[in-house]
Amino acid sequence: MKNILLAIAVMISFAANKGPWGNGVAVVQYNMEFNKANSVKNLQRISDARIFNAWIDKHPELKEAGAIRSVPTIVIYKDSKEIRRWEAGIMMELDITYREVQKEVDQLTGADKF
């Protein structure tokens with residue numbers, strides 16, 4: 001059900017000429033079911049950002065919308081504009097942790113200043 005709602009939200013957002021991830025900071029992990037084991041773990045622990053898992057094999061429109069070339073790919077958006085991207089290499093793995101993503105989010109939100 002959550003995947004269906006995500007797909008509907010993306011389609012509505014593009015139809016309204018808005019970005020699919022809305023205002024504020026969003027972290028999106030694009031992946032495919034067959035590569036699920038290579039997803040970056042614990043992204044849900046990130047604070048001050050909305051977290052999405054975008055399964056591009058179930059929702060191919062997300063692949064084009066996110067300009068995804070490899071999986072997994074993590075993209076940070078602020079107000080629906082891409083700010084930072086990490087893309088997997090040939091081994092289809094990302095060599096980052098959720099803490100590295102959190103540092104980028106903290107810079108965007110100003111939380112790193114405290």
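This briefing covers the fold, the surface and the nonpolar cores of one chain. The model is predicted. The chain has three helices and four strands. Of its 114 residues, 39% count as buried.

**Fold**
- Along the sequence, helices and strands follow the pattern α-β-β-α-β-β-α.
- Take the contacts between residues at least 6 apart in sequence: 61% of them join residues at least 24 apart.

**Surface**
- The chain exposes about 7,000 Å².
- Carbon and sulfur atoms supply 54% of that exposed area.
- A residue counts as buried when its relative accessible area is under 20%.

**The largest nonpolar core**
- In soluble globular proteins, nonpolar side chains tend to be buried together.
- Here, the largest nonpolar core holds 15 residues.
- I74 and V101 have the most contacts inside this core.
- Three elements each give two or more residues to this core: β1 (25–31), β3 (73–78) and α3 (98–109).
- The most comes from α3, which gives three residues.

**A closer look at V101**
- Which residues does V101 touch, leaving out those up to four places away in sequence?
- The partners of V101 are V27, L43, I46, I76, W86 and I96.
- To follow these contacts in the structure, look for heavy atoms within 4.5 Å.

**The second core**
- A second core is separate and has 11 residues.
- Its members include V28, L62, I68 and Y77.

Conventions:
Residues are numbered from 1 along each chain as its sequence is written. This is a predicted model: local features need pLDDT of at least 70, side-chain atom pairs count only at pLDDT 80 or more; totals for chains, interfaces and linings use all residues. Side-chain values use heavy atoms; hydrogens and water are left out. A nonpolar core is a set of buried Ala, Val, Leu, Ile, Met, Phe, Trp, Tyr and Cys residues joined through side-chain atoms within 4.5 Å. Buried means under 20% relative accessible area, exposed over 50%, partly exposed in between (1.4 Å probe, protein chains only). Accessible areas come from the Shrake-Rupley method with a 1.4 Å probe; for residues, only the protein chains shown count as cover.
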